[in-house]
Amino acid sequence: MFHLTSFRSLAAPLAAGLLMLQLPGTSEAAAPKSPTIFYANRPDAPGFRADCDGELKQAEAALGRLLAVKGKRTVENTLKPYNEVVLHADNAAYEASLMESVHPDSAFRATAEEVTQAAQKFASDLSLNRGVYEAIQAVDVSKETPDTKYLVERTLRDFRRAGVDKDDATRAKITALREELVKIGQEFDKNIRNDSRSIELSSVDELKGLPDDFIKSHQPGPDGKIKISIEYPDRFPIMSYAENGEVRKRLYMERMNRAYPQNMAVLDQLIAKRYELAQLLGYKTWADYVTEDKMIKSAANVSQFIDRISALTVAASKDEYQIFLKAKRADDPTATTIENWEYAYYSNKVKKRDYDFDSREARPYFAFADVKKGVMEVTSKIFGVSFKKIDNPTVWDPTVDAYEVWDGGKMIGRFFFDLHPRPGKFNHAAQFQIRQGCAGYQLPEAALVCNFPGDEPNDPGLMEPADVETFFHEFGHLLHSIFAGGQRWEPLAGTSTEWDFVEAPSQLLEEWARYASSLQSFAKNYQTGEAIPVAMVEKMRRSDAFGRATDTAFQVLLTTISLRIYDRDPSQVNTDKIVEEAETSIMPFPRVPNTHFQRSYGHLDGYSAIYYTYQWSLVIAKDMFSKFDPAHMLDPAVPTMYRKTVLAAGGTKPAGELVHDFLKRDFDYKAYEAYLREGVK
Ligand SMILES: [Zn+2]
């Protein structure tokens, strides 16, 4: 459907503590024409604009054909051209969104932002085009296949939600508001991307506690200073291991004030304009509007869902807090509090003391190159596909590489890996769609955009266990995009299922980073080649359960902020106050004054009120995982069935039905609750 509602990049959730810191498709008919891979002509900024304009022109032409039809409306003369309209408009929007987030040249990124605006404008106009709406409404689909019926049902619903029924004056206002919202959102994201802060350390002594590989790759510069960035490859290890609390605190404060003050006013505007739009469309608040077409159905249900998880975690996290505090008292007998920047550090200490697990010992088994290879080998094995590296690919940065996905003798998609930080690049982890697959038109293409260590010479890029999970997570989104890329209708392809289901396949794939039967196949000591010991993996998983209440309470916090700033009249919204109130009532740590985390909480643009999707999807992911066998994670039998019933179906059916097809029953909370309880012993 229009990218206004479904167009998105899928970002990873935020980590606790560190922050406070065909099968494919149903149509065997036509082999995809496979236009060349994205970026193949290595465009400069004007060339890129011309390419995207070309897509929009094709969308325009298909729209003209659709509207010119005289007489009876049919699948052939109406739905087919409609599919082409959306396909080409989506291509322009997806490609521009990726380029504005990753291209190394800021002028190119600025051009991409303009293209995004044009593509969003096209989509917005389309969504309010009554001629198109009436044409689709007039098609008799009673004898068509279920996917076609579902396409029409969903499309008409989305047209109504977009405001197609409103009078001309209201529709004009909606259009103007949407254009503004695109620009405000871009500003918000850009301020986060461009504010990559760092601190300077005056001696290597301040790195005490850090692993040797980290110290080796962080030697003083010519001025004698050591630069430590707030981006993940530096921040995760510092927050977990630095014995010097002052260093952790300084880095924490920089991170918490990223995009402050720039995004103060920008966020307030985003909230106000979304509210205005929701009201115009006949909804009480933006949260009511944005939840209506999700599995959860309403903002009130999100509130209830939050209460349900809070009950399972908030009190338990206060118990965990006492354990952290006790650990701190071993260092400082007078300690009375654990601060935000001490959470990851003491969590690590407790894991070592009580669970005999020190993630520094696991790091040598997770060299970047091995993990990357492992993610591909594991998924290749369980899903029966192969990945072929493209030689000398044309890419936007020399560190990016590209692959083809083959299923037997058939190429079913392509993807890019853009996996290391660089200035001006999106600084979280996400899967970006580039093209949705559509049988007979184009192969699916996607990009993984992450910020892992490992592109410095002489640095093996040792990853944290959490990084390895993130890699599997994002690759889970990517495979969903590819496996559901053979649909007849582009708006139903890839990850175009309900948004609150979309995280389930990625969260499910994280499980392959947790069990020896999978990890031993690729996690080899980078110096000795020895596979990660089974005992270490067991300890890693057991220790991972400790702190789960606090980690989940942090997710409750993010979910609460995301809902609360969008579920009321903006005249009652003071984001600092909402954050403060939520933090004080949910988290066990004392709130740190002068922090403005919401200004760099990027999901508040992309996800707006629906950060809850992560926990909602996790309920489903945990339930689905109960069908897999942790002792035989590389056995392809269940994954093959899962690929066929859940992934390949994309958005052709409501997600609840796909899950039912796989589980042979409705999903429930049992596995999720057991997972939470694991940590509360
Ligand atoms: Zn995700």
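Where is the place of Lys372? Keep that in mind, everyone, and let me introduce the structure before we get there. What you have in front of you is a predicted model.

Let's start with the whole chain. The protein chain contains 26 helices and eight strands. Its radius of gyration is 24 Å, close to the 26 Å that the globule rule gives for 681 residues, so the chain is as compact as a globular protein of that length. If you picture a box around the C-alpha atoms, taken along the principal axes, that box is roughly 85 × 60 × 55 Å.

What about inside and outside? Of the 681 residues in the protein chain, 62% are buried. The chain exposes about 25,000 Å², and carbon and sulfur atoms supply 51% of that area. As for charge, there are 85 positive and 98 negative side chains, with the centres of the two sets 3 Å apart.

Now back to my opening question. Lys372 sits in helix H15, which covers residues 368-383. Is Lys372 buried or exposed? With a relative accessible area of 14%, it is buried, because the cut-off for buried is under 20%. And Lys372 has a partner: its side chain makes a polar contact with the side chain of Asp401, at 2.6 Å.

Let's stay with H15 for a moment. Its 16 residues, at 1.5 Å each, should span 22 Å, and the end C-alpha atoms are 23 Å apart, which agrees. Lys372 has company among the buried residues of this helix, including Phe368, Val371, Met376, Ile382 and Phe383. Just after H15 comes Gly384, with a positive phi near 65°.

Next stop, helix H6, residues 168-194. How far apart are its end C-alpha atoms? They are 39 Å apart, in agreement with the 39 Å that 27 residues should span at 1.5 Å a residue. Look at the N-terminal end of H6 too, where Asp167 acts as a cap: one of its side-chain oxygens lies 3.2 Å from the backbone nitrogen of Ala169.

Finally, let me take you to a loop. Thr652 is found between helix H24 (637-647) and helix H25 (655-663). Although it is in a loop, Thr652 counts as buried, at 14% relative accessibility. Its side chain reaches the backbone oxygen of Ala649, at 2.7 Å.

So, if you would like places to click on, try Lys372 with Asp401, Asp167 at the end of H6, and Thr652 in its loop. Thanks for listening!

Key:
Residues are numbered from 1 along each chain as its sequence is written. This is a predicted model: local features need pLDDT of at least 70, side-chain atom pairs count only at pLDDT 80 or more; totals for chains, interfaces and linings use all residues. Side-chain values use heavy atoms; hydrogens and water are left out. Helices (H or I, at least four residues) and strands (E, at least two) are DSSP runs, numbered from the N terminus. The radius of gyration is taken over C-alpha atoms; the globule rule is 2.2 Å times the number of residues to the power 0.38. Buried means under 20% relative accessible area, exposed over 50%, partly exposed in between (1.4 Å probe, protein chains only). Accessible areas come from the Shrake-Rupley method with a 1.4 Å probe; for residues, only the protein chains shown count as cover. Lys and Arg count as positive and Asp and Glu as negative; His and the chain ends are not counted. The place of a charge is taken as NZ of Lys, CZ of Arg, CG of Asp or CD of Glu. The expected span of a helix is 1.5 Å times one less than its number of residues. A polar contact is a pair of N or O atoms within 3.5 Å; within protein, one must be able to donate a hydrogen and the other to accept it, and residues adjacent in sequence count only if both atoms are side-chain atoms.
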